[in-house]
Amino acid sequence: MNRRFAIIAATLAAGLFIGEGSAHAHLRDYLFNQGYYTSRKGEFELEFHNDFKMPETDDDDTYNLKQQYELEYGVTDHLQLAVYDVVTWNRTDNWEQDSYKIEGKYRFLEAGELPVDITLYGEYIDPNGSRDVSSDTVELKLILGKNMGDWNVTGNFIAEREINQHEPWVLEYTLGARYPVTPRLHLGLELKGGLGDSAEFGLRRKDNEFQIMPIIGFSPTPKSRILFGPAIGMTRASDDLQLKTIASIEF
């Protein structure tokens, strides 16, 4: 894994020397939420995700870490495709391959042309291991966003289903708001919660997760950004704490 971290560090360092020319097109504003924007035609973006989970903060045997490496490409100004590689670590195992993902993302019109900006998102997850234990998964998102002056508000409505196990659709939502304190620094707040599933929908189910997360976003250059936030579990079904980071570079 030392080699993997070295590659990440070198790529991020290179991002600091990317020219200050054009403003970024769609660097992420949120950690939970997918945003409205897509890559411009012919544009690439690298994202490095770190998610350190503490399901029970008083039991370090439950701690685990997931890292995700994503390459996005703008097929058109409104259609983006991406591939992901996901690896995990916990206290009892070494690093291991977790899954591969492919993503398609399509946004309608340009920001502000509709009362609410709309994007559709689809993701296919191919897990490592036996399909009897680790099912392929499909995830769909309706992304809604709105710019109000300097403020942005974004929400995702999410449906996820394990294909091989023929499980019902699991339903979730995320909500976020962010405000630019300076051209390079923004602050925000995100929520993530469960809505039950297609067999039993409801906000008040006892097994629903609910998390709240303040976020900090910093752009070393117009084409790079680092996001950080601690996600705090507010229900018994939620992880007690997650420390989430995403670093992104456009080129």
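**A walk around a 12-strand barrel**

Let's start with one side chain: E139 has a relative accessibility of 11%, so it counts as buried, given that anything under 20% relative accessible area falls in that class. Keep in mind that what you're looking at is a predicted model. We'll come back to E139 after a look at the overall fold.

Zoom out, then. The secondary structure amounts to one helix and 12 strands. Read from the N terminus, the order is α-β-β-β-β-β-β-β-β-β-β-β-β, with the helix ahead of the strands. Those strands close up into a barrel with antiparallel pairing, running β1-β2-β3-β4-β5-β6-β7-β8-β9-β10-β11-β12. Within this sheet, neighbouring strands are turned against each other by 20° on average, if you ignore direction.

For a look at one seam of the barrel, take β9, which covers residues 185-197, and β10, which covers residues 210-221: the two pair in the antiparallel sense over nine bridges. In this pairing, G193 faces F210 of β10.

A few whole-protein values help set the scene. Of the 251 residues, 40% are buried. If you take the contacts with a sequence separation of 6 or more, 52% of them are between residues 24 or more positions apart. The exposed surface comes to about 13,200 Å², and carbon and sulfur atoms supply 59% of it.

Now back to E139. You'll find it in strand β6. Leaving out residues up to four places away in sequence, E139 touches Y121, G122 and E123 on one stretch of the chain, and I158, A159 and E160 on another. E139 also has a charged partner: it forms a salt bridge with K141, where the closest N and O atoms are 3.6 Å apart. K141 has a relative accessibility of 11% as well, so it too counts as buried. Elsewhere, salt bridges with shared partners tie D29, R178 and R225 into one network.

Why would such pairs form at all? Side chains of opposite charge can pair when their charged atoms come close. How many salt bridges does a search of the whole structure find? The search turns up seven. One of them joins E123, which is among the residues E139 touches, to K101, with 3.8 Å between the closest N and O atoms. This pair links distant parts of the chain, since E123 lies in strand β5 and K101 in strand β4, 22 residues apart. E123 and K101 are both buried.

Another salt bridge brings together the side chains of E110 and R107, at 3.1 Å from N to O. Here the two ends differ in cover: E110 has a relative accessible area of 35%, so it is partly exposed, while R107, at 6% relative accessibility, counts as buried.

Right after R107 in the numbering comes F108, in the loop between β4 (96-107) and β5 (117-127). Buried or partly exposed, how does F108 come out? With a relative accessible area of 33%, F108 is partly exposed. Setting aside neighbours within four places in sequence, F108 is in contact with Y36, H78, I118 and L120. Y37 makes a nice yardstick for the fold around this loop: F108 and Y37 are 71 residues apart in sequence, but 9.7 Å apart in space, C-alpha to C-alpha.

Finally, look at the outside. Which residues make the nonpolar surface patch of about 620 Å²? M148, W151, V153, Y179, V181, L187 and I216 do. Strands β7 (151-162) and β8 (170-182) each contribute at least two residues to it. M148 is found in strand β6, residues 137-148, and its relative accessible area of 46% makes it partly exposed.

V153, another patch member, is in strand β7. Its relative accessible area is 34%, so V153 is also partly exposed. Apart from residues up to four places away in sequence, V153 touches Y30, L144, G145, K146, M148, G176 and A177, so the list includes M148 from the patch itself. As for the chain around it, V153 and L175 are 22 residues apart in sequence and 7.6 Å apart in space, C-alpha to C-alpha.

Methods
Residues are numbered from 1 along each chain as its sequence is written. This is a predicted model: local features need pLDDT of at least 70, side-chain atom pairs count only at pLDDT 80 or more; totals for chains, interfaces and linings use all residues. Side-chain values use heavy atoms; hydrogens and water are left out. Helices (H or I, at least four residues) and strands (E, at least two) are DSSP runs, numbered from the N terminus. Buried means under 20% relative accessible area, exposed over 50%, partly exposed in between (1.4 Å probe, protein chains only). Contact means heavy atoms within 4.5 Å. Patches are made of residues with over 30% relative accessible area and no salt bridge: like charges are joined within 9 Å, nonpolar side chains (Val, Leu, Ile, Met, Phe, Trp, Tyr) within 5 Å. Accessible areas come from the Shrake-Rupley method with a 1.4 Å probe; for residues, only the protein chains shown count as cover. A salt bridge is a side-chain nitrogen of Lys or Arg within 4 Å of a carboxyl oxygen of Asp or Glu. Two strands pair if DSSP finds at least two bridges between them. Axes are lines fitted to C-alpha atoms, for helices over the stretch in contact, and angles run from 0 to 180 degrees between N-to-C directions.
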